[in-house]
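Please open the model in your viewer, with a cartoon representation and the option to show side chains on selection. The tour below moves from one selection to the next and says what is found at each stop.

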Amino acid sequence: NRHIMPDEIDLRDIFRVLKKWRKIIMLITAVAVLASGVNSYFVLAPVYEARSLLMVTMATDNQRSVASGDDLENVVSTMSRLPQMTLNTYVEQLKSEALMDRVIQQLGIGEHGFSARGLAGMISAQAIRDSNIIELKVQHTNPVLAADVANNISSEYLELLSENNQEQMTRSMEFFIEQKEENDKELQAALQKLKDFNAQPRGVQFLEKEFDNITNDLSNYQSQLDMAMIEMKQLQAGVSRLVQNMQDTPRTITINKQETETGYISTSEELNPVYVSLSERLHEREAALAEKEAQIEAMLAVTERLKGDLNVIQAELSDKKIQQDQLVNEVNRLEETSDLLAQKATQTQIAKSIDLGSSSVLVVSAATVPSSPIKPNKKLNMAVALVLGLMAAVGLAFLLEFMDNTIKDAGDVERYLGVSVIKRKNGKVGL
């Protein structure tokens, strides 16, 4: 039958189990430590670590704001700007397979079985917190190779940055030149269109001149009309006054004549000279008034005709000016675009000549050949094996104790069956 286990485990039972299986525990622990020591000293190859430090001088903040707006200058400036990279971007590029291929080719280790992915597995790069320093580590069993790989990664990375910058700036410059050529064609077409428009028979300049002439004529006629109106009012007032005077003046007068010979006095009526004079003056004023009224009527007709012509020319001139302004604005826009593209092409040419690698990343500490391996840590491995072996042995001891169903002595009888044991002198055991 299986053991009848007690509800609570006594600390003395634990020590009893450990004491009972102490040989197995010691044996398993010793074997684990021995195996770890053999593996660390004789099996595992020592691994060396070469370390170099790179300082980034052109890293940007991850939260760098982008220029707002989508106008042409912002778009073109973006294409002509040097690449803006964060510190993490530099770190990731240091572990890229493209860079690993360059290092393998430079060192000539491809024939020894090194691949880009395998070489990347030897490398770790991280940015040191609160600084612009990147720590590059290379681990390998060959200390010289580890140092060579670390130094070649640094140098090849600087060249790769410069090559990528030149390639990008070359594409941008070619784009600017191509766009400028197309823009210049559009500019020439716009200039020719503006020239043809201005060469029309009734162009803007012609209409402006005609508009000014008609405006001057209208102004002159308006001034003459105002003077004529004043003169007409004066004539009308003179006519009214003469009519009133004629009404107050008798048309005829009585003249008494005495004959000399006979002494006879005769009476006769004759036209009043004053009345006649007033009548003549009235006829003159009425004739002048009629002429002035005819003149005013003619001037009013001319004025109305000039106003009509002025409205027609003004409408035509306004339409022509709108068309001309559109053509001029298009020419100005194309000229500004051409100047901007030429300026950005020049800036891009300058940016292309910049050695981005040496100007953005500096090697502040080159890798040296490590003198001692970083792993395996023999003492640490043996200490870990000691702890793990001891834990495994103790666990095995308790498992064996649990699986053991036999009763071996009087203590087992009292512990599991709860029956007292009477011992006799002859050494036999009985209930």
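Begin by selecting A125 and, in strand β3, its bridge partner L136. The model is a predicted one, and the next selection along this pairing is Q126, whose bridge partner in β3 is E135. Widening the selection to the two strands as a whole, you will find β2 and β3 (residues 133-140) paired in the antiparallel sense over 5 bridges. Where the chain passes from β2 to β3, the two strands form a hairpin with 5 residues between them, and in that turn D130 is the residue to pick out, since it carries a positive phi of about 60°.

Now extend the view to the sheet to which these strands belong. In what order do its 4 strands run? The order is β2-β3-β1-β6, in an open sheet with antiparallel pairing. The edges are formed by β2 (123-127) and β6 (361-365), each of which pairs on one side only. If you look along the sheet, neighbouring strands are turned against each other by 25° on average, with direction ignored.

Keep the sheet displayed and add helix α4 (residues 87-94), which packs on it and touches β1 (48-56), β2, β3 and β6. The direction of α4 makes about 175° with that of β2.

From α4, show the ring of Y90 together with that of Y157, one of the 2 aromatic pairs that the structure holds. The arrangement is edge-to-face, with 6.5 Å from centre to centre and 85° between the planes. Because Y90 lies in helix α4 and Y157 in helix α7, the pair ties together parts that are 67 residues apart in sequence.

Y157 also leads to the next stop, as it is among the residues of α7 that meet helix α5. Select α5 (residues 97-107) alongside α7, and the two helices are seen to pack at an angle of about 120°, with their axes 9 Å apart. They are therefore oblique to each other, and α5 passes α7 in a right-handed crossing. On the α5 side, the residues to display are L99, M100, R102, V103, Q106 and L107; on the α7 side they are D148, V149, N152, I153, E156, Y157, E159, L160 and E163. Coloured by class, this contact comprises 8 nonpolar, 2 polar and 5 charged residues.

Stay with α7 (residues 143-198) and bring in α9, whose axis comes within 8 Å of that of α7, the two crossing at roughly 160°. Helices α7 and α9 are therefore roughly antiparallel to each other, and α7 passes α9 in a left-handed crossing. The residues of this contact divide into 16 nonpolar, 13 polar and 10 charged.

For the last stop, keep α9 (residues 273-352) and select helix α8 (residues 204-248), which packs against α9 at an angle of about 160°, with the axes 7 Å apart. That angle makes α8 roughly antiparallel to α9. Is the crossing of α8 and α9 left-handed or right-handed? The crossing is left-handed. Colouring the contact of α8 with α9 by class brings out 28 nonpolar, 10 polar and 15 charged residues.

Notes
Residues are numbered from 1 along each chain as its sequence is written. This is a predicted model: local features need pLDDT of at least 70, side-chain atom pairs count only at pLDDT 80 or more; totals for chains, interfaces and linings use all residues. Side-chain values use heavy atoms; hydrogens and water are left out. Axes are lines fitted to C-alpha atoms, for helices over the stretch in contact, and angles run from 0 to 180 degrees between N-to-C directions. Angles under 35 degrees count as roughly parallel, over 145 as roughly antiparallel, 65 to 115 as roughly perpendicular and the rest as oblique. A crossing is left-handed if the near helix is turned anticlockwise from the far one by less than a right angle, and right-handed if clockwise. Ala, Val, Leu, Ile, Met, Phe, Trp, Tyr, Cys and Pro count as nonpolar, Asp, Glu, Lys and Arg as charged, and the others, Gly among them, as polar. Two strands pair if DSSP finds at least two bridges between them. Contact means heavy atoms within 4.5 Å. Rings of Phe, Tyr and Trp (its six-membered ring) pair if their centres lie within 6.5 Å; planes under 30 degrees apart count as stacked, over 60 as edge-to-face and the rest as tilted.
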